[in-house]
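Reader: Hi! I am new to reading protein models, and I would love a close look at a single part of this one. Could you walk me through it slowly?

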Amino acid sequence: MQKLKAQNFNNLSESIIRTLAQNRIVTILDFLQEDVSKLTSLTKLSLHDVLTIRNEIFTTYSAPLINGTALLTKVYKSRSRISSGIDSLDSITNGGFPVRHITEICGLADSGKSQLCFQLAINVAKDDDSTVLYVDTKGDFSAVRVQKMLDAQGYSHKDMASIMYRIRVVHIWTMADLVDLFKGIKNKALEIENLALVIVDSLPCLMFQHLGDDNKMGLSLLNILVNYSRFIANEFNVAIIYINIQTRWIDSDISDLEDDGESTSAYKEAAYIEKKNRCLGKYWESVPVLVLQLEKLDLSSKENETCTELKASIITSNVTKSNNNQCVLNLSTMGIT
Amino acid sequence: MKTFKISNATELWQKETSLPAVASFSQSLDNILGINGFQLGSIIELLGLPGAGKTQLCLQLCASVQIPKELGGLNAEALYIDTNTNFTISRFREILSASLLRCQTILGEPLQMTENEALSKLHYVNAFGLEKFCAFMYRLPKFIEAHPNVKLIAIDSIAYPFKDGIPTKQRTGLLFRQMAELQRIAVQHQIAVVLSNEMSTRVGLSGGAVVGSLGDAWAHRCNVRLLLSTPQVTQDSTERLALLLKSNVAASTVARFKITEEGIRDAE
């Protein structure tokens, strides 16, 4: 809670602040909770003055009121979607990733999450006035791969250099560092011009470091991170994409407990149900407004081996309303199209 | 407040391409990795059933890291963290001298290095058991500072210390903390990290029941995963297959190689 400071209020002098501090009234909250008549006797201010100070505090620190029209103009003035540069993906997401919100891309290991991230970083950075911040938590960012993708798409060396210049990469190894980084961006201590997209690849890598701890450190850091992310997304009009992973969970199907004994065990086939589970726990589940799941499709159906098909599907979404929520992406040396 | 080093992709590209990758002496194996070998700064996981050649490949890479600069090598040192006591010095000596001999024939002149000097470029740690392993991983940053010329760290195998005596949740937490630290060192000092991992069985999995051990979350941690196996029908018992399961650079493909007395070589 913020401390009482003389310069913020007209009627409070340094000496009054000192007297208040001696009576254990240090923060704004202490001041508000104290009985008004006691405050007047302590500060020797008139009742009216004390009430003015109280009102001043309330107007400065309460959440601001914005009317609907103002909100709508704000939304219309700034862009609401950032195009992924991939037509089929844009069509299922109603035009791209939502700006000012958190999006999640999840999938099993080797389902093309990082490759999609590289492609998104490239596609967004193609725009002269958009910078991409790529937060790499497991050393997965390969500039060589990005350069190869750009090369295969036929860019000149000069264009390649300028696109790659607009992709900023930062290596983060712990949850606490990530929180610090976001805090820096929020406080504008760390300025990145024209920031349009933040990609965090991947969050579980950091969160799993706290797995098995008895304390709830990991969760509390995650909570702070989410708050900072939401603030940054809103304040700077950026889209934030978090990469999450999925794990597989296998249940053996106990379908018929009251087996009547007619079928012998030799005939019974073991039935297993494979479930996919998004990591990061219950709290995270509802944080992203858009969850995109990636799956690798079987190579066998495809005679052309240089290209892998990925299926992208929207699992949960508050921001799209189209009936079609699946599309197929092609992953090749060129990147994802 | 902490300061963060934010680099743009161009700078990273220069860093990634400034040093050569570690070659395996099998061209087809190097090729499928997309960048002619084992990329510095990455964590590469070798998977396979017993006898698939995981340890042999680790030993070969420890020797390959010594290839002189004139031949496009690194002329560096290697650290071998042995957790399952699979390492034998006589076998490493065999591979090392064969590798250096090959360099000599290509160069056409004798190398300025005795066998003892070459052997001293391998740092061997026997980290048997979870406590010893964790203690060494804790000391690793200091070790790397004292030995700046180490360009390859091999851990054979990563799963072994965690087989017993630790609950699954704690295991994952500990592993991910260690890997974050390991990768930080690898990226900062441009070191290639090679881990070997065993296979385990998960009954009922749609993609086949035999998978790498340590679970699905772990599968996501390493930058490159390479599955080694023995082909079922073959005349040559030394032949092996390598399937690239996961990579951030190259598409999934298969390479053939063989394990000879001299180490890893291309299959005819």
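**A close look, from one strand to one helix**

Author: Happy to! Let us begin with a warm-up residue: Leu331(A) sits in strand E11 of chain A, which covers residues 326-332. Bear in mind as we go that this is a predicted model. Is Leu331(A) buried or exposed? Its relative accessibility is 13%, and because buried means under 20%, Leu331(A) counts as buried. Leu331(A) also shows how a chain can bring distant positions together: Cys307(A) is 24 residues away along the chain, yet the two C-alpha atoms are separated by 5.6 Å.

Gln147(A) makes a good second example, this time from helix H8 of chain A, residues 143-152. With a relative accessibility of 15%, Gln147(A) counts as buried too. Leaving out residues up to four places away in sequence, Gln147(A) touches Met160(A) and Met164(A), and also Trp13(B) from chain B.

Now for the part I would like you to study closely: helix H4 of chain B, residues 89-107. How far should its 19 residues span? At 1.5 Å a residue, the expected span is 27 Å, where the multiplication uses one less than the number of residues. The end C-alpha atoms of H4(B) are 26 Å apart, which agrees with that expectation.

Which residues of H4(B) are buried? They are Arg91(B), Phe92(B), Ile95(B), Leu96(B), Ala98(B), Ser99(B), Leu100(B) and Cys103(B). To read such a list, it helps to know that an α-helix has 3.6 residues a turn, so residues three or four places apart point the same way. Try marking the buried residues on the structure, for example Phe92(B), Ile95(B), Ser99(B) and Cys103(B), which are among them.

And what do the buried residues of H4(B) pack against? Their partners in chain B include two helices, H3 (54-64) and H5 (115-119). The strands they pack against are E4 (122-126), E11 (254-260) and E12 (263-266) of chain B. Just after the helix, Gly108(B) takes a positive phi of about 80°.

For the wider setting, an unreviewed UniProt entry lists residues 18-199 of chain B as "domain: RecA family profile". Over residues 18-199, chain B is 45% helix and 17% strand, with the end C-alpha atoms 35 Å apart.

One last stop is the empty space inside. The structure holds one cavity of 30 Å³ or more, and about 80 Å³ of space lies in the largest cavity. Residues lining the largest cavity include Leu33(B), Phe38(B), Ile44(B), Val224(B) and Leu244(B).

Key: Residues numbered from 1 in each chain as written. Chains lettered and ligands numbered in written order. Predicted model: local features only at pLDDT ≥ 70, side-chain atom pairs only at ≥ 80, totals over all residues. Heavy atoms only, no water. Helix = DSSP H or I, 4+ residues; strand = E, 2+ residues; numbered from the N terminus. Buried < 20%, exposed > 50% of the residue type's maximum accessible area, 1.4 Å probe, protein only. Contact = heavy atoms within 4.5 Å. UniProt positions renumbered as here; feature names shortened; annotations may be inferred. 1 Å grid on protein atoms, 1.4 Å probe; cavity = no way out; pocket = protein on both sides within 12 Å on 5 of 7 lines; lining within 4 Å. Points joined across faces, edges and corners; volume = space filled by probe spheres on them.
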